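Colleague: I'm new to reading protein models, and I'd love some help with the spaces and helix contacts in this one. Could we go through them together?

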Amino acid sequence: MPIKTPPANSTIASLETIDFSRLLQKDHAEQLKLLALSVRDGFFYLDLQGPKIRKILADRDNVVRMMESYFALPQEEKMKDDRRTHTHGYKPPGTFTGFKKGSRDCYETLKVAYAEMMSHSDLLPESVKERSELFESFIGLSHFVNKTLLTTLSDALYLKGSARFEAHHRDDKPSNTTLVLLHYPKQDVDEGMGHNKHTDIGSVTLLFTEQWGLQLQQPGSTEWAFVEPRDGHAIINVGDSLRFLSEKRFNSCLHRVVPVAADEDRYSIAYFLRPENATHLEDTEGRRIKAEEWHDQKYVMFGEPHEKQAMSDMLTGGMERMQGMVMA
């Protein structure tokens with residue numbers, strides 16, 4: 001079935017592209033471009049077609065096929081994987097608010113934590129255990145990509161020692177780094193509930209989607225613009241934690257997901273690299289807070305009514321207020 005597109009009069013986001021192969025080659029111009037885009041936009045395409053990383057694209061295709069079969073299971077089967085956490089297992093639809101006032105979200109997810117995958121935990125969902133080689137490969141490559149971005153940004157800023165971003169993302173320390181598989185079931189375009197506006201909690205998000213629906217607000221604008229899916233590429237999103245670690249120099253982009261076609265199930269894959277739980281951050285209100293606390297408190301806010309969300313900067317990472325100040 002052809003991929004459904006948004007209405008013809010829709011605004012399409014103008015995003016630039018980083019070539020991952022050039023980053024691996026330590027190309028200085030590409031390093032500076034990555035830094036500039038992280039400061040200005042916080043959202044960009046990442047070309048993953050190079051010979052040293054293209055396997056991640058084949059893994060992605062196989063993960064999508066797994067998602068199609070997993071999310072088609074009866075609800076009672078999926079609920080067996082519900083561990084009632086934000087980093088492990090199944091999340092049913094309606095847990096958080098939707099993008100329309102008074103609505104709940106329409107999507108379901110399956111989460112696979114980096115630490116559990118790498119340790120081959122017995123707590124992993126059976127559907128993941130059955131494909132352990134695939135998931136270990138895909139999560140490992142996704143982790144490598146995101147850590148490479150952190151290292152490159154540290155290099156571009158000439159950071160040293162504990163000031164380097166990767167120093168707060170050591171693999172042997174507890175963190176909430178996780179892979180999230182998202183399924184948006186068929187829903188009416190006008191009545192659909194989507195995924196509410198937000199900034200991401202963690203440091204770097206590696207997002208794969210072959211379908212329309214993702215929207216963002218580009219710097220200096222409060223207009224919602226669609227992000228066009230691009231073959232051979234991922235979408236990179238700078239999250240709150242990296243923005244805080246950069247002393248708010250980087251931009252964490254406000255985004256959401258809306259339904260595009262009533263007869264289409266939508267699938268996307270997000271790998272969220274998050275700091276060590278004990279990492280101290282300064283949040284949107286100037287509070288000194290641990291990364292784990294920011295993670296947990298923001299997830300609580302995802303589930304609050306829209307009226308309560310509007311009273312806090314937490315859901316939007318302070319970016320909605322900043323956009324309003326720029327527009328004023």
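**Cavities, pocket and helix pairs**

Modeller: Happy to! This is a predicted model, and it holds 3 cavities of 30 Å³ or more.

Colleague: What is the volume of the largest cavity, and how does its lining divide by class?

Modeller: Let's begin with the residues around the space. Tyr184, Pro185, Lys186 and Gln187 are among those lining the largest cavity, and so are Val257, Val258, Pro259, Val260 and Ala261. The volume is about 100 Å³, and the lining has 8 nonpolar, 1 polar and 3 charged residues.

Colleague: Which helix gives the largest share of the lining of the second largest cavity?

Modeller: The second largest cavity has a volume of about 40 Å³. Its lining includes Asn176, Ile201, Ser241 and Arg274, along with Ala291, Glu292 and His295. By class, that lining has 3 nonpolar, 4 polar and 2 charged residues. The largest share, 3 residues, comes from residues 291-303, that is, from helix H9.

Colleague: Now the largest pocket: which residues are the closest to its centre?

Modeller: The largest pocket has a volume of about 550 Å³. It is lined by 34 residues, and the closest to its centre are Tyr107, Val180, Leu182, His195 and Tyr299.

Colleague: Which element gives the most to the lining of the largest pocket?

Modeller: Several elements give two or more residues to this lining, among them strand S5 (178-184), strand S6 (195-198), strand S12 (266-273) and H9. By class, the lining residues divide into 16 nonpolar, 11 polar and 7 charged. With 4 residues, the element that gives the most is S12.

Colleague: Let's turn to helices. Is H3 oblique or roughly parallel to H7?

Modeller: Two packed helices are described by the angle between their axes and the distance between the axes. For helix H3 (residues 55-70) and helix H7 (residues 132-156), the axes come within 9 Å and cross at roughly 130 degrees. Because angles over 145 degrees count as roughly antiparallel and 65 to 115 as roughly perpendicular, this pair fits neither class, and H3 is oblique to H7.

Colleague: What is the handedness of that crossing, and how do the contact residues divide by class?

Modeller: The crossing of H3 and H7 is left-handed. On the H3 side, Ile56, Asp59, Val63 and Met66 are among the residues in the contact, and on the H7 side they include Leu134, Phe135, Phe138 and Leu141. Taken by class, the residues of this contact divide into 8 nonpolar, 3 polar and 3 charged.

Colleague: H2 meets H7 too. Is H2 roughly perpendicular or oblique to H7?

Modeller: The axes of helix H2 (residues 28-40) and H7 come within 9 Å and cross at roughly 95 degrees. Because 65 to 115 degrees counts as roughly perpendicular, the answer is that H2 is, relative to H7, roughly perpendicular.

Colleague: Which residues of H2 meet H7?

Modeller: On the H7 side, the partners are Leu149, Thr152, Leu153, Asp155 and Ala156. The residues of the contact of H2 with H7 divide into 5 nonpolar, 3 polar and 1 charged. From H2, the residues in the contact are Gln31, Leu34, Leu35 and Ser38.

Methods:
Residues are numbered from 1 along each chain as its sequence is written. This is a predicted model: local features need pLDDT of at least 70, side-chain atom pairs count only at pLDDT 80 or more; totals for chains, interfaces and linings use all residues. Side-chain values use heavy atoms; hydrogens and water are left out. On a 1 Å grid over the protein atoms alone, a cavity is a set of points where a 1.4 Å probe fits but cannot get out, and a pocket is an open set with protein on both sides within 12 Å along at least five of seven lines; lining residues have an atom within 4 Å of a point. Grid points are joined across faces, edges and corners, and a volume is the space filled by probe spheres set on the points. Ala, Val, Leu, Ile, Met, Phe, Trp, Tyr, Cys and Pro count as nonpolar, Asp, Glu, Lys and Arg as charged, and the others, Gly among them, as polar. Axes are lines fitted to C-alpha atoms, for helices over the stretch in contact, and angles run from 0 to 180 degrees between N-to-C directions. Angles under 35 degrees count as roughly parallel, over 145 as roughly antiparallel, 65 to 115 as roughly perpendicular and the rest as oblique. A crossing is left-handed if the near helix is turned anticlockwise from the far one by less than a right angle, and right-handed if clockwise. Contact means heavy atoms within 4.5 Å.
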